[in-house]
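Student: I have a model open and would like to go through its packing and backbone with you. Where should we begin?

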Amino acid sequence: MKTLTGTRFGDIEYDPEQTMQFPEGLIGFPHLHHFIVMPQSKPGPLFWIQSVEDPALAFVLTDPSGFFLDYAVAPDAGERSRLGIGDEDECLVLAVVTVPPDRKITLNLAAPILFAPETNRALQVILEKTSWQTRTPLPAA
């Protein structure tokens with residue numbers, strides 16, 4: 001076990017073998033490769049990932065299909081290869097959540113994160129020819 005002192009969560013004990021690994025980094029953050037998935041303090045669809053390389057950076061993620069029933073992304077063969085999984089292996093689709101000062105939450109549906117639980121690898125991909133936006137507002141309740 002290792003300890004990371006982060007600015008948002010304080011001291012975090014984690015197993016380096018259990019981090020969410022982004023071999024190619026995130027869009028805009030190519031130097032960030034390892035994230036700790038933080039335990040949820042409250043029940044709900046949102047969760048945090050904390051960067052190991054930069055303790056000041058953490059992101060909120062969610063499964064967008066809980067908000068947008070018609071949102072579906074399937075990894076292609078190249079993405080599955082980069083995730084280290086086969087055609088039958090599970091791949092979760094996640095979206096980065098933004099909570100601006102006005103509290104009008106948006107999801108980045110134009111650049112989802114593909115996560116393979118079997119390998120703990122993740123990729124952020126850019127969807128081409130899509131109507132989804134980088135700041136898609138949550139649907140009205």
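**Cores, strands and backbone**

Tutor: Let us begin with the largest nonpolar core, which has 16 residues, and in which Tyr71, Leu83, Leu107, Leu109 and Leu114 touch the most other members. A nonpolar core here is a set of buried Ala, Val, Leu, Ile, Met, Phe, Trp, Tyr and Cys residues joined through side-chain atoms within 4.5 Å, where buried means under 20% relative accessible area, exposed over 50% and partly exposed in between, with a 1.4 Å probe and protein chains only.

Student: Which elements give two or more residues to this core?

Tutor: Those elements are strand S7 (92-98) and strand S9 (113-116), and the largest share, three residues, comes from S7. Helices (H or I, at least four residues) and strands (E, at least two) are DSSP runs, numbered from the N terminus.

Student: And what kind of model is this, before I trust any of it?

Tutor: This is a predicted model, in which local features need pLDDT of at least 70 and side-chain atom pairs count only at pLDDT 80 or more, whereas totals for chains, interfaces and linings use all residues. Residues are numbered from 1 along each chain as its sequence is written, and side-chain values use heavy atoms, with hydrogens and water left out.

Student: Okay, what does Leu83 touch?

Tutor: Leaving aside residues up to four places away in sequence, Leu83 touches Cys91, Leu114, Ala116, Thr119, Arg121, Ala122 and Leu123, a contact being heavy atoms within 4.5 Å. There is also a second, separate core of 14 residues, which includes Phe47, Ile49, Phe59 and Phe115.

Student: Which residues of S9 are buried on each side?

Tutor: Ile113 and Phe115 are buried on one side of S9, and Leu114 and Ala116 are buried on the other, so that both faces are covered. In general, side chains in a regular strand alternate between the two faces of the sheet.

Student: How does S9 pair with S7, and how with S10?

Tutor: S7 and S9 pair in the antiparallel sense over three bridges, with Leu94 standing opposite Ile113 in S9. S9 and S10 pair in the antiparallel sense as well, over four bridges, and the bridge partner of Phe115 in S10 is Ala122. Two strands are said to pair if DSSP finds at least two bridges between them.

Student: What sits in the turn of the S9 and S10 hairpin?

Tutor: The hairpin has four residues between its strands, and Asn120 in the turn has a positive phi of about 60°. Asn120 is buried, with a relative accessible area of 15%. As background, most residues other than glycine have a negative phi.

Student: Where does Lys129 lie, and is it buried or exposed?

Tutor: Lys129 lies in the loop between S10 and strand S11 (136-137), and Lys129 is exposed, with a relative accessible area of 89%. Lys129 also has a positive phi, of about 50°, although it is not a glycine.

Student: Switching to polar contacts, what does the side chain of Gln124 reach?

Tutor: The side chain of Gln124 reaches the backbone oxygen of Ala111 at 3.0 Å, and a polar atom of that side chain lies 3.0 Å from the backbone nitrogen of Ile27. A polar contact is a pair of N or O atoms within 3.5 Å; within protein, one must be able to donate a hydrogen and the other to accept it, and residues adjacent in sequence count only if both atoms are side-chain atoms. Gln124 is in strand S10 and is buried, with a relative accessible area of 14%.

Student: What about Gly78? Where is it?

Tutor: Gly78 is found in helix H1 (residues 77-83) and counts as partly exposed at 37% relative accessibility. Its C-alpha atom is separated by 15 Å from that of Glu90, twelve residues apart along the chain.

Student: Last topic, the whole chain: how many helices and strands does it have?

Tutor: The protein chain has one helix and eleven strands, and from the N terminus on, its elements run β-β-β-β-β-β-α-β-β-β-β-β.

Student: What is the radius of gyration?

Tutor: The protein chain has 15 Å, which agrees with the value near 14 Å that a compact globule of 141 residues would have. The radius is taken over C-alpha atoms, and the globule rule is 2.2 Å times the number of residues to the power 0.38. Buried residues make up 38% of the 141 residues in the protein chain.
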